[in-house]
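The following exercises ask the student to read a protein model step by step. Each task is followed by a worked solution.

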Amino acid sequence: MQKQNETKKGEKAMKGKYLSPKADLTFKLVFAEHKDLMMSFLNALLPLAEDAPITSIEYQTPEMVLETIGKKNSVVDVRCTDALERQFIVEMQMNWDEEFKKRVIMNSSKAVIKQVGQGENFMLLKPVFSLNLVNDKMPGEAPDEFYHDYAILNVAHPERSIDYLRLVFVELPKFQPRNIMEKKMAVLWLRFLTEINEDTVEAPSELLENDEIRKALSIVEKSAMTEAQLYAYERFWDAINVENVLAEGRYKRGREEGREEGRDERSLEIARGMKQKGLGEDLIAELTGLSVDEIETL
């Protein structure tokens, strides 16, 4: 008989009351199964016109949701449309890479293209919004900016834009509540994503005071999960950890290869100078570590 203090399958030691909402399982439990929470989230974080908030949504069919955990380290978490037929794609990316940005552009463009069949009226096109949450820092972006809003603009006249495609990237590690003051719900939702994890014993009172955030918190409570869900949750983070280790290995190998190439170039440069000064090839080989054949080709 299993001892009472032993951890169940799929339930490793977690000090807190909640699970992280950034994991695939928990993110979908909150946003892909509760329309009210999805609408609140989108209205808070997307650059929508003040007179055109999202008032209702319909989720797209499951077969349109692409799952690529393990290889791409991300999933297309939620796709939906609203009463104005605008399309919304929400994606959670654990680690940043340039391939992800290209994939966002491709997925968003496909959402535009698929709206109109051959020979149909292009006036039927509806806007597509892509909201991309990145649990990593994006190289090259301003260190004090976490919210990046991309639109199709006229280069000479940025005030002129084409409104059918909007890409938003949110760098979660850079978020601080003081960064964004104009939208209280944006702050609350981002605090939910960045502050709640396996070590959270009690959620902050500001989150518990809001009905929508309190509902989301109840969904990600560890006690609300089945054993199978806890196991799937752990498998997700295991896959992320493996990807991190592999990425770190690739980075280190790249640096080592770069240093090796640098050493080789330096040795060749030194050998070339020695040869120009008339030193013998055997002596040059001894001093630089290059082969006589390499020196002869200089």
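**Exercise 1. Identify which residues of the largest nonpolar core touch the most other members, and describe their surroundings.**

Step 1. The largest nonpolar core has 54 residues, and Phe 41, Leu 133 and Phe 192 touch the most other members. A nonpolar core is a set of buried Ala, Val, Leu, Ile, Met, Phe, Trp, Tyr and Cys residues joined through side-chain atoms within 4.5 Å. Buried means under 20% relative accessible area, exposed means over 50%, and partly exposed lies in between (1.4 Å probe, protein chains only).

Step 2. Leu 133 touches, among others, Phe 27, Phe 41, Leu 45, Val 90 and Leu 193, not counting residues up to four places away in sequence. Contact here means heavy atoms within 4.5 Å.

Step 3. Apart from this core lies another one of 14 residues, including Phe 100, Val 104, Val 128 and Leu 165.

Before continuing, note the basis of the values. The model is predicted: local features need pLDDT of at least 70, side-chain atom pairs count only at pLDDT 80 or more, and totals for chains, interfaces and linings use all residues. Residues are numbered from 1 along each chain as its sequence is written, and side-chain values use heavy atoms, with hydrogens and water left out.

**Exercise 2. State how many residues of helix H2 are buried, and name them.**

Step 1. Helix H2 spans residues 35-45. Helices (H or I, at least four residues) and strands (E, at least two) are DSSP runs, numbered from the N terminus.

Step 2. In H2, 8 of the 11 residues are buried, and the helix is mostly covered.

Step 3. The buried residues are Leu 37, Met 38, Met 39, Ser 40, Phe 41, Leu 42, Ala 44 and Leu 45. Phe 41 also appeared in Exercise 1, as a member of the largest nonpolar core.

**Exercise 3. Locate the salt bridges of Lys 17, Asp 24 and Asp 149, and state which parts of the chain they join.**

Step 1. The structure holds 12 salt bridges. A salt bridge is a side-chain nitrogen of Lys or Arg within 4 Å of a carboxyl oxygen of Asp or Glu. Side chains of opposite charge can pair when their charged atoms come close.

Step 2. Lys 17 pairs with Glu 221, with the closest N and O atoms 3.9 Å apart. Lys 17 lies in the segment before helix H1 (24-31) and Glu 221 in the loop between H6 and helix H7 (227-276), so the pair ties together parts that are 204 residues apart in sequence. Lys 17 is partly exposed, at 32% relative accessible area.

Step 3. Asp 24 forms a salt bridge with Lys 28, the closest N and O atoms being 3.6 Å apart. Both residues lie in helix H1, 4 residues apart, about one turn of the helix. An α-helix has 3.6 residues a turn, so residues three or four places apart point the same way. Asp 24 and Lys 28 are both buried.

Step 4. Asp 149 and Arg 166 meet through their side chains in a salt bridge of 2.8 Å, N to O. Asp 149 belongs to strand E5 (residues 147-153) and Arg 166 to strand E6, so this pair ties together parts that are 17 residues apart in sequence. The relative accessible area is 33% for Asp 149, which is partly exposed, and 23% for Arg 166, which is partly exposed as well.

Step 5. Salt bridges that share partners also join Arg 191, Glu 195 and Glu 206 into one network.

**Exercise 4. Determine whether Gly 16 is buried or exposed, and what it touches.**

Step 1. Gly 16 lies in the segment before H1.

Step 2. Its relative accessibility is 8%, so Gly 16 counts as buried.

Step 3. Gly 16 touches Glu 198, Asp 199, Thr 200, Val 201 and Lys 222, not counting residues up to four places away in sequence. Gly 16 and Thr 200 are 184 residues apart in sequence, yet 4.5 Å apart in space, C-alpha to C-alpha.

**Exercise 5. Describe the place and the contacts of Asn 210.**

Step 1. Asn 210 is in the loop between helix H5 (205-208) and helix H6 (211-219).

Step 2. Asn 210 is buried, with a relative accessible area of 16%.

Step 3. Asn 210 touches Met 185 and Leu 188, not counting residues up to four places away in sequence.
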